Amino acid sequence: MSAPTDVRPEKSVSEPQLPDSELVVARTWHPLRWVISAVVLVLLAQFIHGLVVNPGWDWPTFAQYFTAKSVLAALWMTIKLTLWGTILGFGLGVFLALGRLSKNPVLQVIAWTYIWAFRSIPLIVQLLFWFNITYLYQTLSLGIPFGPEFFTFQVSGVIGGFTAAVIGLALHQAAYSAEIIRSGIISVDHGQIEAAHSLGIPRSRQFFKIVLPQAMRAILPNAANEVIGLFKGTSIVSTMAIAELFYQVQVIFGRNGRVVPLLMVATIWYIILTTLLSIGQYYVERHYARGSARALPLTPVQKARKKFEEIRDARLDIPRGATR
């Protein structure tokens, strides 16, 4: 038998390698995207055209009342209701969340019952209940339970319309914020807490340095949604005749009959303040995102500055006398 011949492939002549900057990348065409974009732009143009030419919007009346003194005062009332409802609601929500996470069964039952009750009752019912609390209790007293009273005061002189609205909003918000905070805390890997405990780190430092920064990444998006929802939900207190933004707008168009432009006044103010809250949410989330990624994403301002610098550098690289 003859020995197998040694067959070796011929060496192919290697083609010269082009640098990456000279490689041509073929573009992928998506005609459906362009069709959808064109349809959306046409609809948007029609909507804007209707806003401009339709006399029913009554933009002169809108401009007259947009910065009216009564509207700005009502806007400030809405902001105050939102601030107090957020501060007290999330403050109480922290204690409720800790009660749910506590090993004490009594605290667990109390916290769970509170959350169950206040999530079951509609907000408007809670507000009307606190607004009419004087029908149940004309006076309140401070002292020893089932014992002597040290101080007594009239409920009607303490709990007015604004106070009743704040109490109702805060107690309602606390039930939802407690669950948001609890979910953020339990989202942190328990192994990190065990490692910190084995190193002898105090519990308070474990919470503020290890648990809280990581929990805030899960808490913030939902908490911001709750604050925005509370801001818009303050319009419900109009049923209590409190001069917040929506109530004041109702009063004005009830007198002059200009419903649409006055509703647009309230709508634009809600959009403006919601946008400001969203911007604040973005930067707070970005602050707590440190450590979760090697580099933080650029802010819109930084992106615009980087794009401007790229355009400027590209113009400077053009040789003199070349056609631009």
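## Exercises: two pockets and a serine

The largest pocket here has a volume of about 590 Å³. Keep in mind that this is a predicted model.

**Exercise 1.** Work out which residues and elements line the largest pocket, and how the lining divides by class.

*Solution.*
- Start in the middle: 15 residues line the largest pocket, and Ile185, His190, Ile193, Arg203 and Val211 are the closest to its centre.
- Next, look at the elements. Two or more lining residues come from each of helix 3 (69-101), helix 6 (161-186), helix 7 (190-198) and helix 8.
- Finally, sort the lining by class: you get eight nonpolar, four polar and three charged residues.

**Exercise 2.** Do the job again for the second largest pocket, and find which helix gives the most to its lining.

*Solution.*
- Volume first: the second largest pocket holds about 350 Å³ of space.
- Its lining has 18 residues, and the closest to the centre are Phe90, Val94, Ile181, Met216 and Ile219.
- Helix 3, helix 6, helix 8 and helix 10 (259-288) each put in two or more residues.
- Helix 8 comes out on top, with nine residues in this lining.
- By class, the lining of the second largest pocket has 15 nonpolar residues, three polar ones and no charged ones.

**Exercise 3.** Find serine 238, decide whether serine 238 is buried or exposed, and list what it touches.

*Solution.*
- Go to the loop between helix 8 (203-233) and helix 9 (245-256); that's where serine 238 sits.
- Now check its relative accessible area, which is 15%. The cut-off for buried is under 20%, so serine 238 counts as buried.
- Follow the side chain of serine 238 and you reach the backbone oxygen of serine 235, 2.7 Å away.
- Then skip the neighbours within four places in sequence: serine 238 is still in contact with Glu244, Phe246, Tyr247 and Gln250.

**Exercise 4.** Step back and describe the whole protein: its elements, its contacts and its surface.

*Solution.*
- Count the elements: there are 11 helices and two strands.
- Put them in order along the sequence and the pattern reads α-α-α-α-α-β-β-α-α-α-α-α-α.
- Of the 324 residues, 27% are buried.
- Take the contacts with a separation of 6 or more: 68% of them join residues 24 or more positions apart.
- Last, the outside: the accessible surface comes to about 22900 Å², with 65% of it belonging to carbon and sulfur atoms.

Notes: Residues are numbered from 1 along each chain as its sequence is written. This is a predicted model: local features need pLDDT of at least 70, side-chain atom pairs count only at pLDDT 80 or more; totals for chains, interfaces and linings use all residues. Side-chain values use heavy atoms; hydrogens and water are left out. Helices (H or I, at least four residues) and strands (E, at least two) are DSSP runs, numbered from the N terminus. Buried means under 20% relative accessible area, exposed over 50%, partly exposed in between (1.4 Å probe, protein chains only). A polar contact is a pair of N or O atoms within 3.5 Å; within protein, one must be able to donate a hydrogen and the other to accept it, and residues adjacent in sequence count only if both atoms are side-chain atoms. Contact means heavy atoms within 4.5 Å. Accessible areas come from the Shrake-Rupley method with a 1.4 Å probe; for residues, only the protein chains shown count as cover. On a 1 Å grid over the protein atoms alone, a cavity is a set of points where a 1.4 Å probe fits but cannot get out, and a pocket is an open set with protein on both sides within 12 Å along at least five of seven lines; lining residues have an atom within 4 Å of a point. Grid points are joined across faces, edges and corners, and a volume is the space filled by probe spheres set on the points. Ala, Val, Leu, Ile, Met, Phe, Trp, Tyr, Cys and Pro count as nonpolar, Asp, Glu, Lys and Arg as charged, and the others, Gly among them, as polar.
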